[in-house]
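Visitor: I would like to go through this model and ask, at each step, what the wording rests on.
Guide: Then let us look at it together.

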Amino acid sequence: MSLVIGTGAMSRTMKLCPRGALIAAAVALGAPSAAQSPVAPSLDPPSWTRPVPPFRIVGNIYYVGSEGLASYLVKTERGDILIDGTMAANVPMIERNLATIGVRMRDIKYLLLTHAHFDHAGGLARLKADSGAQLIVGAGDRIAVQTGKAPGESLTGGVDFPAAAVDRGIGEGETVRLGATTLVAHATPGHTPGCTTWTLQMFERGTPLRVVIPCSLTVAGNRLVGNRRYPGIVGDYRASFARMAAIRADVVLPAHPELADVHGRRVRRDAGQRNAFVDRALLGTIVARARIAFAADLAAQTGRK
């Protein structure tokens with residue numbers, strides 16, 4: 001969960017504890033963060049529930065989420081795959097966006113998840129009920145999704161979300177296939193125990209593109225020191241930095257679209273920049289900045305201990 005302050009790919013991200021306090025948090029793209037501390041009461045960012053029209057990204061991948069929370073649709077000849085349900089309040093908007101691009105709810109065969117926080121998993125229960133799709137989540141987040149309780153321990157308190165029945169917990173290197181499309185799951189835990197990065201190949205004007213839908217690498221209020229519910233969190237973050245850095249990405253589509261300037265890239269593409277979504281350096285930049293932010297947060301939390 002993160003709120004971006006500023007615009008563009010190098011914006012600073014902040015953690016928003018909705019219905020509570022605005023908390024400084026780790027940075028996925030931006031300067032290193034300091035320890036989290038309450039600032040002022042605030043609601044969720046308006047962009048998280050602000051509707052935007054759906055649009056095609058590359059190949060058969062479509063954006064169907066809100067302005068500030070991504071939901072990605074992958075169309076195949078055998079049905080469709082929806083990645084992330086965003087917040088429960090966004091489900092009617094997502095379903096309208098799907099209808100706009102000619103997708104019926106029964107066309108969705110699989111629902112996938114990046115990680116079990118309310119702003120990405122909150123809509124899954126209703127989307128599953130409305131579509132009949134199978135729900136697949138990272139194995140480490142299965143219990144969190146089935147109970148509607150954020151995993152691990154947070155310095156800011158977790159936010160509950162509607163529980164959803166999980167059909168399959170997926171692990172490193174396992175795949176989801178539908179028609180000729182294959183998505184590969186990469187276990188990148190830390191942000192949550194079951195944080196999952198998804199990769200797939202798409203073709204744009206005959207050119208193959210490696211598309212990566214990365215799970216978050218931010219600390220975002222996670223307790224790094226003395227986390228009894230997730231004692232291996234520090235080691236998981238470090239392993240995930242290495243794993244993510246090894247992934248080749250032509251197109252990066254994060255759950256928080258501002259981290260890759262997804263909407264700005266759409267505007268530039270529609271204005272004539274044909275390869276606006278292709279940025280082969282972006283994932284490496286995300287990882288490098290996340291490492292710096294993590295180190296700062298770990299030092300701050302260790303100092304408090």
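Visitor: How many cavities of 30 Å³ or more does the structure hold, and what makes a space a cavity?
Guide: This is a predicted model, and it holds 2 cavities of 30 Å³ or more. The word is used because a 1.4 Å probe fits in such a space but cannot get out. The largest cavity has a volume of about 110 Å³, and the second largest has about 50 Å³.

Visitor: Which residues lie nearest the centre of the largest cavity?
Guide: Pro 214, Cys 215, Ser 216, Pro 254 and Leu 259 do, out of 13 lining residues. By class, that lining has 9 nonpolar residues, 4 polar ones and no charged ones.

Visitor: What is the lining of the second largest cavity by class?
Guide: It has 6 nonpolar residues, 1 polar and 3 charged. Among the lining residues are Glu 204, Arg 269 and Arg 274. Glu and Arg count as charged, so these three belong to that class. Asn 275 is also in the lining, as are Ile 57, Val 58 and Phe 277.

Visitor: Why is strand 7 called largely enclosed?
Guide: Buried means under 20% relative accessible area. Of the 5 residues in strand 7 (residues 72–76), 4 are buried, so the strand is largely enclosed by the rest of the structure. In the protein as a whole, buried residues make up 57% of the 305 residues.

Visitor: How do you know that strand 7 pairs with strand 6 and with strand 8?
Guide: Two strands pair if there are at least two bridges between them. Strand 6 (residues 61–63) is joined to strand 7 by 3 bridges, and the two run antiparallel. Strand 7 and strand 8 (residues 79–83) have 5 bridges, also in the antiparallel sense. Both counts reach the cut-off, so both are pairs. As for single partners, Ile 61 is bridged to Val 74 in strand 7, and Thr 76 stands opposite Gly 79 in strand 8. Strands 7 and 8 form a hairpin, with 2 residues between them.

Visitor: Which residues of helix 3 are buried, and why are they placed on the same side?
Guide: In helix 3 (residues 124–131) the buried residues are Leu 124, Leu 127, Lys 128 and Ser 131. They cover an arc of only 100° around the axis, which puts them on the same side of helix 3.

Visitor: What do those buried residues of helix 3 pack against?
Guide: They pack against strand 8, helix 1 (91–100), strand 9 (108–112), helix 2 (118–121) and strand 10 (134–138). Helix 3 is followed by Gly 132, whose phi is positive, near 75°.

Visitor: What makes strand 12 and strand 16 edge strands?
Guide: The protein has 7 helices and 16 strands. Of these strands, 5 form an open sheet in the order 12-13-14-15-16, with mixed pairing. Strand 12 (175–178) and strand 16 (251–252) are its edge strands, as each pairs on one side only.

Visitor: How many bridges join strand 14 and strand 15?
Guide: Strand 14 (residues 196–204) and strand 15 (residues 207–213) pair over 7 bridges, in the antiparallel sense. Phe 203 has Pro 208 of strand 15 as its bridge partner.

Visitor: What percentage of the contacts join residues at least 24 apart?
Guide: Among contacts between residues at least 6 apart in sequence, 63% do.

Terms used. Residues are numbered from 1 along each chain as its sequence is written. This is a predicted model: local features need pLDDT of at least 70, side-chain atom pairs count only at pLDDT 80 or more; totals for chains, interfaces and linings use all residues. Side-chain values use heavy atoms; hydrogens and water are left out. On a 1 Å grid over the protein atoms alone, a cavity is a set of points where a 1.4 Å probe fits but cannot get out, and a pocket is an open set with protein on both sides within 12 Å along at least five of seven lines; lining residues have an atom within 4 Å of a point. Grid points are joined across faces, edges and corners, and a volume is the space filled by probe spheres set on the points. Buried means under 20% relative accessible area, exposed over 50%, partly exposed in between (1.4 Å probe, protein chains only). The arc is that of the directions from the helix axis to the C-beta atoms. Contact means heavy atoms within 4.5 Å.
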